[in-house]
2 protein chains.
Amino acid sequence: METITLTMPLDMHVHLRDGDMLNIVAPLTSYSFSGALVMPNLVPPVTTLEAVKAYRHRIKLAMESDDFEPYMTLFYQNYSREFLESVQDHITAIKIYPSGATTNSEGGVVSFDIEPMRATLEAMSELGICLCVHGETNGFVMDREAEFMSVYEKLAINFPKLKIVMEHITTRAAVEMLDRYDNLYATITVHHLMITLDDVAGGMLRPHLFCKPIAKRPEDRAALLKVALEAHPKVMFGSDSAPHPKSAKESCGCGAGVFTAPIALQLLCEIFEAHNKLDNLQAFISDNAQRIYGICAEYKEVVLAKHDFVVPEMYGEVVPMRAGETLRWSIERVD
Amino acid sequence: METITLTMPLDMHVHLRDGDMLNIVAPLTSYSFSGALVMPNLVPPVTTLEAVKAYRHRIKLAMESDDFEPYMTLFYQNYSREFLESVQDHITAIKIYPSGATTNSEGGVVSFDIEPMRATLEAMSELGICLCVHGETNGFVMDREAEFMSVYEKLAINFPKLKIVMEHITTRAAVEMLDRYDNLYATITVHHLMITLDDVAGGMLRPHLFCKPIAKRPEDRAALLKVALEAHPKVMFGSDSAPHPKSAKESCGCGAGVFTAPIALQLLCEIFEAHNKLDNLQAFISDNAQRIYGICAEYKEVVLAKHDFVVPEMYGEVVPMRAGETLRWSIERVD
């Protein structure tokens, strides 16, 4: 049987939530990944050293295995250099949200004017703390990411030594930024490699495929696929896996988020195999991230085999992407 | 108190469905409208004289008042001239669907090649039967209507005496067709005057605002508003009000349709008043349609007054647009 071994897979953008939901989803990510960059948009957001340490502790308790590292992030605010120095050994990045752009982002920044942020971003630059960015304006939903490109440019030019990660990119416009600025990087989700707005709203409306940024046009997906499949050195996998209870997804006002954590590796095998690029999956899933973030992941080998895997209808109260469908790859074992 | 009297309001595109649903929605439309063009996409679709007569009879039974005329339509197939002659006194138009474009449209046409349809469309032309068109390709969801413009052009040029109604238009591209071909007309819904894709999927996902064609971009809505507010002589109101049970809208695969029948007049008053165009509402809601279709509607006066109306959460099992919200106009009386 055909197999592939992925070494130290990393999910560089995941939502593990907290409380009961944390206990459902943390074991699923920690099972098949060596580590994951954990987003800080809790209620309240993670903004202190104590909160970072306490959240990391709760994640560790919820995990199923010890061979997993939760790489912690701080929710962006203007922080003093002194504070950043005190926290830097405990975090891998700081995540900045435009206020209201996504789930629990109300405390994000209202404006991306450089001057009020300059001291914080310069300190991050000097201390080598990466900036992860949810890059959307508050414009028309299909334009929000493309409109944000001028902010990325401004950040990249003003802080040339700051590593800036364009999170969960969904457009050709964002892909084109990668080769334009040395210090811009990107994560790409597995669902944005697969779906367009057509899958969300072209036939029936599919709340379980509704996410932010929303899936875009076919030509955007093609651009994302191209850099993922070639494992462009500035691109990393980040699932943006975001669990919501089934009842909240199937309601008259459904929240944004696609839950892919337990099926991401299997889906990526399908996609990379379909394009004869399985050889590049290791770089996309781990090597690029380790080099970009300068991290040395926990050793773990995940062996995937080409035999059918039926996706469960639910994990706890969460409906995963492709629920009930059959994937062509499954996780054979984790060593 | 400020009031406006609408004379013989017409809804030139409505879905009354059948069975229990018909009994819920027909009284709501017949209460405040003089007549409505009733769409034929039942299961099975309305394709025979017997089906037209029987459906009209069921509608009449379900109505609350007698002063309402259901203008009947036939589901497009290639029909003989002989059949069309036999049915023409019983229908107002024939509706053509691309197969699979919307609810119960599987029996629609697979292609809009002119030649196979020529005999039918020429007979309709000579007999003065209007053609109503659901104008969408099977392309990317945001492009489907704009891509369909070449079909409208082909139809308009090949059948210059056929009155062709572009149903529920949603784009600037369609608006621009109105002044380009003498025989192209359009209906516009009230929801497409109000919402864009942002309202459907820009914040939370709103299944009750999900419809086909999907709401488009702000500049498209602006183009629709312009011709509606000026009561462009080739534009008519058609609600495309389409009831689905709440359970079907709030599920993992929700059908397309916004239910506006009982609040359409109130919403139109709000919109036209907000733009100081209340004087044009009579033409948009009735006069244009009577002239375009050559119909003489049942006499009815609907008096709307500017006082608050709280939209019910449900009509039967159907959630209307703006459920639970307060509208600034209400129906005062119907004479």
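**Entry 1: relation of the two chains**

I began by superposing the chains of this predicted model, and I found that a rotation of 180 degrees with 0.0 Å of shift along its axis places chain A on chain B, with an RMSD of 0.0 Å. I noted this as the relation of a two-fold axis. I then looked up which C-alpha of chain A is nearest the axis, and it belongs to Glu250(A), 2.6 Å away.

**Entry 2: the contact between the chains**

Next I listed the residues of the contact, to which chain A gives 24 residues and chain B gives 24 residues. On the side of chain A that touches chain B, helix H8 (residues 197-201) supplies the largest share, 3 residues. Sorted by class, that side of chain A holds 14 nonpolar, 6 polar and 4 charged residues. I also checked whether the positions recur in the other copy: 100% of the interface residues of chain A are interface residues in chain B as well, so the copies meet through the same surface.

**Entry 3: strand S4 of chain A**

How many residues of strand S4 (residues 69-75) of chain A are buried? I counted 7 of the 7, so the strand is largely enclosed by the rest of the structure. As a reminder to myself, side chains in a regular strand alternate between the two faces of the sheet. In S4(A) both faces are covered, with Glu69(A), Tyr71(A), Thr73(A) and Phe75(A) buried on one side and Pro70(A), Met72(A) and Leu74(A) buried on the other.

I then followed the pairing partners of this strand. Strand S3 (residues 35-38) of chain A runs parallel to S4(A) and is joined to it by 4 bridges, and within S4(A) it is Glu69(A) that stands opposite Gly35(A). The connection is a right-handed β-α-β unit made of S3(A), helix H2 (residues 49-62) of chain A and S4(A). Strand S5 (residues 93-96) of chain A also pairs with S4(A) in the parallel sense, over 3 bridges, and Ile94(A) in S5(A) is the bridge partner of Leu74(A). The chain crosses from S4(A) to S5(A) through helix H3 (residues 81-87) of chain A, and this β-α-β crossover is right-handed.

**Entry 4: Ile94 and the nonpolar core**

Having met Ile94(A) as a bridge partner of Leu74(A), I looked up its place in the core. The largest nonpolar core has 212 residues, and Ile94(A), Leu131(A) and Met166(A) are among those with the most contacts inside it, along with Ile94(B), Leu131(B) and Met166(B). Leaving aside residues up to four places away in sequence, I found that Ile94(A) touches Thr73(A), Leu74(A), Tyr76(A), Met124(A), Ile129(A), Leu131(A) and Cys132(A).

**Entry 5: backbone exceptions**

Most residues other than glycine have a negative phi, and most peptide bonds are trans. I therefore looked for departures from this general pattern.

The peptide bond from Lys212(A) to Pro213(A) is cis, with omega near -5 degrees, and Pro213(A) lies in the loop between H8 and helix H9 (218-229) of chain A. In chain B a cis peptide bond joins Lys212(B) and Pro213(B), with omega about 0 degrees.

For positive phi I recorded Asn104(B), near 50 degrees, in the loop between strand S5 (93-96) and helix H4 (114-127) of chain B, and His168(B), near 35 degrees, in the loop between strand S7 (164-166) and helix H7 (172-177) of chain B. Is each of them buried or partly exposed? Asn104(B) has 18 C-beta neighbours inside 10 Å and so counts as partly exposed, whereas His168(B) has 26 and so counts as buried.

Methods:
Residues numbered from 1 in each chain as written. Chains lettered and ligands numbered in written order. Predicted model: local features only at pLDDT ≥ 70, side-chain atom pairs only at ≥ 80, totals over all residues. Core = buried A, V, L, I, M, F, W, Y, C linked by C-beta atoms within 7 Å. Buried ≥ 20, exposed ≤ 12 C-beta atoms within 10 Å, placed from the backbone. Contact = placed C-beta atoms within 7 Å. Helix = DSSP H or I, 4+ residues; strand = E, 2+ residues; numbered from the N terminus. Nonpolar A, V, L, I, M, F, W, Y, C, P; charged D, E, K, R; others polar. Least-squares fit on C-alpha atoms with pLDDT ≥ 70 in both. Pairing = 2+ DSSP bridges. Right-handed = clockwise from strand over helix to strand, strands pointing away.
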